[in-house]
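Subject: Structure for your files, with notes

Hello,

Here is the structure I said I would pass on. Please keep it open while you read the notes below it.

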Amino acid sequence: LINNKPSSILAGSIDIAMKLIPADEIERVEVITSPSAKYDAEGTGGIINIITKRKNMAGTNGSVNIGAGTRSSNLYGDINYRSGRFGTGLSVGGSGYHGKGDITTTRISTDTANALTLKQEGKNSMIGMGPFIKWTTDIDVTSKNTLSTALEYYSFYQPIKSDNSNFINGENQFDASSKLN
């Protein structure tokens, strides 16, 4: 919250929001650990309320966050604008990951009369990716009431490819390898 009301200036996390507000504009930060029903709180994390020195913050701010790794990466950016009683914000991002693996299993029966060896081999590959976009806007109707809306779109695509072969006593017992696409 900013000045006891939800605001479009807040990004997806409190640390980003705190970077967007100049320190000399913050009068105090309140932590509400047990929010009442009026805040429509979800979960048990509590609420952060940033009280500013000026009651009407104005201006444009934004941020870009990039994360890269050997298995997953993400890119996220947002821009927010506030003037008087009106505020709006746009957040855009995406994430992706890649995972692959090999498996080999060998089982040998202990029955000496019917000795069987089962060997299973397989490979798999997963690639996941998806975009995210969110647009928010709010209007301060009165000093205690705000009308706000948010439109959000998120999609995730995750194809999985898997090849598996089964061998009994060294021979492939199937016409073809089983495949999952």
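The notes below go from the overall fold to charged pairs, aromatic rings, a surface patch and one single residue.

Overall

Please bear in mind that this is a predicted model. The protein has ten strands and one helix. In sequence order the pattern is α-β-β-β-β-β-β-β-β-β-β, with the helix ahead of the strands. There are 181 residues in the protein, and 25% of them are buried. Of the contacts with a separation of 6 or more, 54% are between residues 24 or more positions apart. The accessible surface comes to about 12,400 Å², and carbon and sulfur atoms account for 55% of that.

Salt bridges

Side chains of opposite charge can pair when their charged atoms come close. In this model there are six salt bridges. Three of the pairs are described here, starting with R82 and D138.

The side chains of R82 and D138 form a salt bridge, at 2.9 Å from N to O. This pair joins distant parts of the chain: R82 belongs to strand β4 (residues 72-83) and D138 to strand β6 (residues 117-140), with their positions 56 residues apart. Are R82 and D138 buried or exposed? Both are buried.

Strand β6 also takes part in the salt bridge between K123 and D102, where the N to O distance is 3.9 Å. Here too the pair links distant parts of the chain, with K123 in strand β6 and D102 in strand β5, 21 residues apart. K123 has a relative accessible area of 53% and is exposed, because the cut-off for exposed is over 50%. D102 is exposed as well, at 63%.

The third pair is E27 with R28, whose closest N and O atoms are 3.0 Å apart. E27 is partly exposed, with a relative accessible area of 45%, and R28 is partly exposed at 38%. E27 and R28 also belong to a network of salt bridges that takes in E30.

Aromatic rings

A search of the whole structure gives three aromatic pairs. One of them is Y97 with F156, a stacked pair with 6.0 Å between the ring centres and 15° between the planes. The pair links distant parts of the chain, since Y97 lies in strand β5 (residues 86-108) and F156 in the loop between β7 (146-154) and β8 (160-168), 59 residues apart. Y97 is partly exposed, with a relative accessible area of 25%. F156 is also partly exposed, at 34%.

F156 has a second ring partner in Y154. Why does the pair of Y154 and F156 count as stacked? Their planes are at 20°, and planes under 30 degrees apart count as stacked, so the pair falls in that class; the ring centres are 6.5 Å apart. Y154 is partly exposed, with 49% relative accessibility. Taken together, Y97, Y154 and F156 make up one aromatic cluster.

Nonpolar surface patch

Seven residues are listed in a nonpolar patch on the surface: I79, L90, V92, I133, W135, L151 and Y153. Together they have about 640 Å² of accessible area. Strands β5, β6 and β7 each supply at least two residues of the patch. L90 is one of the patch residues, and L90 sits in strand β5. L90 counts as partly exposed because its relative accessibility is 34%, which lies between the 20% and 50% cut-offs.

V64

The last item is a single residue. V64 is in strand β3 (residues 59-68). Its relative accessible area is 62%, so V64 is exposed. Which residues does V64 touch, leaving aside its neighbours within four places in sequence? The contacts are with L75, Y76 and G77. G77 is 13 residues from V64 in sequence, and their C-alpha atoms are 4.2 Å apart in space.

Regards

Methods
Residues are numbered from 1 along each chain as its sequence is written. This is a predicted model: local features need pLDDT of at least 70, side-chain atom pairs count only at pLDDT 80 or more; totals for chains, interfaces and linings use all residues. Side-chain values use heavy atoms; hydrogens and water are left out. Helices (H or I, at least four residues) and strands (E, at least two) are DSSP runs, numbered from the N terminus. Buried means under 20% relative accessible area, exposed over 50%, partly exposed in between (1.4 Å probe, protein chains only). Contact means heavy atoms within 4.5 Å. Rings of Phe, Tyr and Trp (its six-membered ring) pair if their centres lie within 6.5 Å; planes under 30 degrees apart count as stacked, over 60 as edge-to-face and the rest as tilted. A salt bridge is a side-chain nitrogen of Lys or Arg within 4 Å of a carboxyl oxygen of Asp or Glu. Patches are made of residues with over 30% relative accessible area and no salt bridge: like charges are joined within 9 Å, nonpolar side chains (Val, Leu, Ile, Met, Phe, Trp, Tyr) within 5 Å. Accessible areas come from the Shrake-Rupley method with a 1.4 Å probe; for residues, only the protein chains shown count as cover.
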